[in-house]
Amino acid sequence: MTKLMEWLFGISVVLAAWVLVAFDPLDLSVPHTYREVAWPMPLYLLVSFGCYSLATVGYRVATFNDCQEAARELQGQIKAAKEDLRSKGLKMCN
Amino acid sequence: MSARKTSRSKPNNGDKYSVLLPTYNERENLPLIVWLLVKYFDESGYKYEIIVIDDGSPDGTLKVAEQLQKIYGEDKILLRPRASKLGLGTAYIHGMKHASGNFIFIMDADLSHHTHHVFPLLRKQKEGDYDLVSGTRYRGNGGVYGWDLRRKLISRGANFLTQVLLRPGASDLTGSFRLYKKKVLECLVERCVSKGYVFQMEMIVRARQLNYTVGEVPITFVDRVYGESKLGGNEIVSFVKGLLMLFVTT
Ligand SMILES: Nc1nc2c(ncn2[C@@H]2O[C@H](COP(=O)(O)OP(=O)(O)OP(=O)(O)O)[C@@H](O)[C@H]2O)c(=O)[nH]1
Ligand SMILES: [Mg+2]
């Protein structure tokens, strides 16, 4: 099953459940209060997922490590490498 | 140069590591990365070889590579150049054909990938006998250096989107610092169709699909000091295309 199909499957299950509760097409005599709560659910879900996404991405951007130490270490190694390579007779520029 | 604890015990197994270095205009970087690799590997005692796949760089990268080969020997530095710029994906395939190791390291030759992460990757692989170990910028004390807010945002956003859509079970999909079992890499490469960034993503997604085991190790990514980036402005477009392609096909 491709990821697309998994998604379509998931969405149809949720939608079917929603239709069943919110509109009661099979006359299961779903209590009125349930139906009222269920009706705007998809929108709630979408909005909360949006908020969750924004918050997650925002948090991860804010906590993305800045590797100062790694950059410094690299600078040191570049220097050492250049010196050693020059002594081994490497011509960097032709 | 801190926190480098090399265990001095000589590894006595038959493992050999082939490091693939695809280069395009990396004249300044190539000697440095080769020097670092040689140094670390010689210290560690593991058997290794470095395969340079240069795509006819106009800046003379190949000339520098030839000099390096003279310095370090033809058994350590292998040159597998191609006449023109045929892309990163095929460069790996080309290099792999000539690899004699049973493990293959893939890393950028632009010094973004720090050589000292080679051994954490290697140890991780041994720990769980993983088929693939991927370096990750997004977990633990992994990270980046030299990225502005915009680039961080794009990177994190794209990563989040990918995680949601594909649930790949790996945190860094576009990273290109990885260790593969050679057989696994051969198998994956046959199945992968995309290029560039997306190639790396496809490799790991297909690996999951084929039930290969994937390990992860945090790595630091330092933006290139020398030379120019080869990935142009349509990066985002091709990323989205690739993501959708994987979304429908895997
Ligand atoms: N052989 C070969 N190597 C390539 C080609 N394109 C890129 N490379 C190499 O692949 C590695 C990664 O490419 P980069 O240009 O650094 O791409 P990037 O790391 O995503 O971007 P920056 O780090 O921002 O420059 C480098 O070692 C390049 O020299 C190609 O067409 N052929
Ligand atoms: Mg790079």
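Does A:Lys3 count as buried or exposed, or what else does its relative accessibility make of it — in short, which class does A:Lys3 fall into? At 17% relative accessibility, A:Lys3 counts as buried, a value that, like every other in these legends, comes from a predicted model.**View 1. Helix 1 of chain A and the residue that follows it.** Helix 1 of chain A, residues 3–23, has 21 residues and reaches 30 Å from its first C-alpha to its last, close to the 30 Å expected at 1.5 Å a residue. Just after this helix, A:Asp24 takes a positive phi of about 45°. A:Lys3 lies in helix 1 of chain A, and, leaving aside its neighbours within four places in sequence, it is in contact with B:Leu165, B:Leu166, B:Arg167, B:Phe247 and B:Thr250.

**View 2. The contact between chain A and chain B.** The contact takes 38 residues from chain A and 45 residues from chain B, and the two chains bury about 3,900 Å² between them, 67% of it on carbon and sulfur atoms. Of the area that chain A buries against chain B, A:Lys3, A:Phe64 and A:Gln77 supply 18%, more than any other three residues. Between chain A and chain B there are 2 salt bridges, together with a count of 16 residue pairs in polar contact, both residues being at pLDDT 80 or more. The elements that give two or more residues to the side of chain A that touches chain B are helix 1, helix 3 (41–62) and helix 4 (68–87) of chain A, and helix 4 gives the most, with 15 residues. Sorted by class, the side of chain A that touches chain B has 18 nonpolar, 10 polar and 10 charged residues.

**View 3. Salt bridges around A:Glu6.** A:Glu6 forms a salt bridge with B:Arg167, in which the closest N and O atoms are 2.6 Å apart, and another with A:Lys3, in which the closest N and O atoms are 3.9 Å apart. Because A:Glu6 and A:Lys3 are 3 residues apart in helix 1 of chain A, they are separated by about one helical turn. A:Glu6 counts as partly exposed because its relative accessibility is 23%, whereas A:Lys3 is buried, with a relative accessible area of 17%.

**View 4. A salt bridge within helix 4 of chain A.** A:Arg72 forms a salt bridge with A:Glu69, the closest N and O atoms being 3.3 Å apart. Both residues lie in helix 4 of chain A, 3 residues apart, which is about one turn of the helix. At 54% relative accessibility A:Arg72 counts as exposed, while A:Glu69, at 44%, counts as partly exposed.

**View 5. A salt bridge linking distant parts of chain B.** B:Asp129 forms a salt bridge with B:Lys181, the closest N and O atoms being 3.2 Å apart. The pair links distant parts of the chain, with B:Asp129 in the loop between helix 4 (118–128) and strand 5 (132–136) of chain B and B:Lys181 in strand 7 (residues 178–181) of chain B, 52 residues apart. B:Asp129 is partly exposed, with a relative accessible area of 49%, whereas B:Lys181 is buried, with a relative accessible area of 19%. Elsewhere in the model, salt bridges that share partners join A:Lys3, A:Glu6 and B:Arg167 into one network, and over all chains the count comes to 19 salt bridges.

**View 6. B:Gly143 and its surroundings.** B:Gly143 is placed in strand 6 (residues 143–145) of chain B, and at 0% relative accessibility this glycine counts as buried. B:Gly143 and B:Thr220 are 77 residues apart in sequence and 4.8 Å apart in space, C-alpha to C-alpha. Leaving aside neighbours within four places in sequence, B:Gly143 is in contact with A:Phe64, A:Asn65 and A:Cys67 from chain A, and with B:Arg137, B:Ile219, B:Thr220 and B:Phe221 from chain B.

**View 7. B:Gly60 in a loop of chain B.** B:Gly60 is found in the loop between strand 2 (47–54) and helix 2 (61–72) of chain B, where, at 13% relative accessibility, it counts as buried. B:Gly60 and B:Asn211 are 151 residues apart in sequence and 42 Å apart in space, C-alpha to C-alpha.

Key:
Residues are numbered from 1 along each chain as its sequence is written. Chains are lettered from A and ligands numbered from 1 in the order in which they are written. This is a predicted model: local features need pLDDT of at least 70, side-chain atom pairs count only at pLDDT 80 or more; totals for chains, interfaces and linings use all residues. Side-chain values use heavy atoms; hydrogens and water are left out. Helices (H or I, at least four residues) and strands (E, at least two) are DSSP runs, numbered from the N terminus. The expected span of a helix is 1.5 Å times one less than its number of residues. Contact means heavy atoms within 4.5 Å. Buried area is the accessible area (1.4 Å probe) that two parts lose on being put together, summed over both. A salt bridge is a side-chain nitrogen of Lys or Arg within 4 Å of a carboxyl oxygen of Asp or Glu. A polar contact is a pair of N or O atoms within 3.5 Å; within protein, one must be able to donate a hydrogen and the other to accept it, and residues adjacent in sequence count only if both atoms are side-chain atoms. Ala, Val, Leu, Ile, Met, Phe, Trp, Tyr, Cys and Pro count as nonpolar, Asp, Glu, Lys and Arg as charged, and the others, Gly among them, as polar. Buried means under 20% relative accessible area, exposed over 50%, partly exposed in between (1.4 Å probe, protein chains only).
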